[in-house]
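Please open the structure in your viewer and keep the selection tool at hand, since this tour goes from one selection to the next.

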Amino acid sequence: MPQINLQIRENVPLAPLTTFNIGGPARFFAEALTEADLTEALSFASTHTLPLSVLGGGSNLLVPDAGYPGLVLHLKIPGIIPLANGLFDVGAGVSWDAFVAHAIASNHAGVECLAGIPGSVGGTPVQNVGAYGQEVSETIVSVRVYDRERSAFSDLPKAACNFRYRASLFNTDARNRYIVTRVRFQLCPNGAPTLHYADLKKHFANTTPTLTQVAAAVREIRRSKGMLIVPGDPDSHSAGSFFKNPIIPTAQLPSIAAAANVDSIPNWPTSPTETKLPAAWLLEHAGFIKGYGTGPAGISTRHTLALVNRGHATFADIEALQSEIISTVQAKFNITLEREPVLLA
């Protein structure tokens, strides 16, 4: 049996490691600070015929009440390494918000609108995290991964990652094949902030804000919507936006408007024949308003898309509310909503 130097713990609670604060324990648990730690964890899982799942910042994760029967590897690889001309090499375990703050402090544009997003750097390319006019894929040059099929590390260029709206190679075509260990970003030294998002344009009308000012405005918007992790705030016990904004055939818009008894629907064309709808609008017009629900799981009082743990919710409570919303929206609008958080399974 291979020698394992990595500390392996048993029956470790996972709920405190997630922003939802929900779920049972991991049968086995380890922390990886290096790529060598990662390979040792994989060896342990293989030797004991265990499934292995990687945990990052826990901000986009749902843990079942029964927990996880295998090895949960908490990826904590550190390091923000500035290279030449705005290039940064960043460990997967670095707090995403810490990297954004570092970029802004060194006057590098490209991620300022992504301030305040919880989680770790390693999770951002998986979901192609985006908000307020920016997507992380816009700045990614390459992603260093461990390929579980080839049992080898490699660096995938941006083109190979197949980024699209809230998706990538890592959570669709090759789910569970790759483990992200580092990400390389190309930022813009002394660049201007991005002001594509309507609320930001309005906030900074007729002014030229700094990167710091834009990031501060984004944080304030996120906080007003309960999308900023604030200790003691029940609305922050969530996984952020719970449903993806659906992309539908444009021809479907009249039937949706008729079902909602409105003349028009907010939408953003994504192609000549398709458009993206705000999932929050669909929820609200299906009866799921802010503060909905009387049980331990409900909808945030400040953001329709955020399902929240009001203190003692279980995974089953969240799952029941999710199912109620999906089935109601499907019946009313003939649209099947997709959950954004990942299930640890």
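Which elements do the buried residues of helix 2 pack against? Before answering, bear in mind that this is a predicted model.

**Helix 2 and its surroundings**

Select residues 96-105, which make up helix 2, and then pick out its buried residues, which are W96, D97, F99, V100, A103 and I104. If you look down the axis of helix 2, these buried residues fall within an arc of 155 degrees, so they line one face of the helix. Now add the partners to your selection: the buried residues of helix 2 pack against strand 6 (80-82), strand 7, strand 8 (108-109), helix 3 (124-127), strand 13 and helix 5 (211-224). Moving on along the chain, stop at N107, which follows helix 2 and whose phi is positive, near 60 degrees.

**Salt bridges**

A search of the whole structure finds 14 salt bridges, and a few of them deserve a selection of their own. Begin with E35 and R144, which form a salt bridge in which the closest N and O atoms are 2.7 Å apart. Because E35 lies in helix 1 (residues 35-47) and R144 in strand 11 (residues 140-147), this pair ties together parts that are 109 residues apart in sequence. R144 is partly exposed, with a relative accessible area of 23%.

Select R184 and D89 next, a salt bridge whose closest N and O atoms are 3.3 Å apart. Here R184 belongs to strand 13 (residues 178-186) and D89 to strand 7 (residues 87-91), so the pair ties together parts that are 95 residues apart in sequence. R184 counts as partly exposed at 30% relative accessibility, whereas D89 is buried, with a relative accessible area of 11%.

The third stop is the salt bridge between D173 and R164, where the closest N and O atoms are 3.7 Å apart. D173 counts as exposed at 54% relative accessibility, while R164 is partly exposed, with a relative accessible area of 31%. After this pair, select D147, E149, R150 and R177 together, since salt bridges that share partners join these residues into one network.

**The second largest pocket**

For the last selection, take Y165, K244, N245, P246, I247, T336, L337 and E338, which line the second largest pocket. The space in this pocket comes to about 160 Å³. How do the residues of its lining divide into nonpolar, polar and charged? Four are nonpolar, two are polar and two are charged.

Note on methods
Residues are numbered from 1 along each chain as its sequence is written. This is a predicted model: local features need pLDDT of at least 70, side-chain atom pairs count only at pLDDT 80 or more; totals for chains, interfaces and linings use all residues. Side-chain values use heavy atoms; hydrogens and water are left out. On a 1 Å grid over the protein atoms alone, a cavity is a set of points where a 1.4 Å probe fits but cannot get out, and a pocket is an open set with protein on both sides within 12 Å along at least five of seven lines; lining residues have an atom within 4 Å of a point. Grid points are joined across faces, edges and corners, and a volume is the space filled by probe spheres set on the points. Ala, Val, Leu, Ile, Met, Phe, Trp, Tyr, Cys and Pro count as nonpolar, Asp, Glu, Lys and Arg as charged, and the others, Gly among them, as polar. A salt bridge is a side-chain nitrogen of Lys or Arg within 4 Å of a carboxyl oxygen of Asp or Glu. Helices (H or I, at least four residues) and strands (E, at least two) are DSSP runs, numbered from the N terminus. Buried means under 20% relative accessible area, exposed over 50%, partly exposed in between (1.4 Å probe, protein chains only). The arc is that of the directions from the helix axis to the C-beta atoms. Contact means heavy atoms within 4.5 Å.
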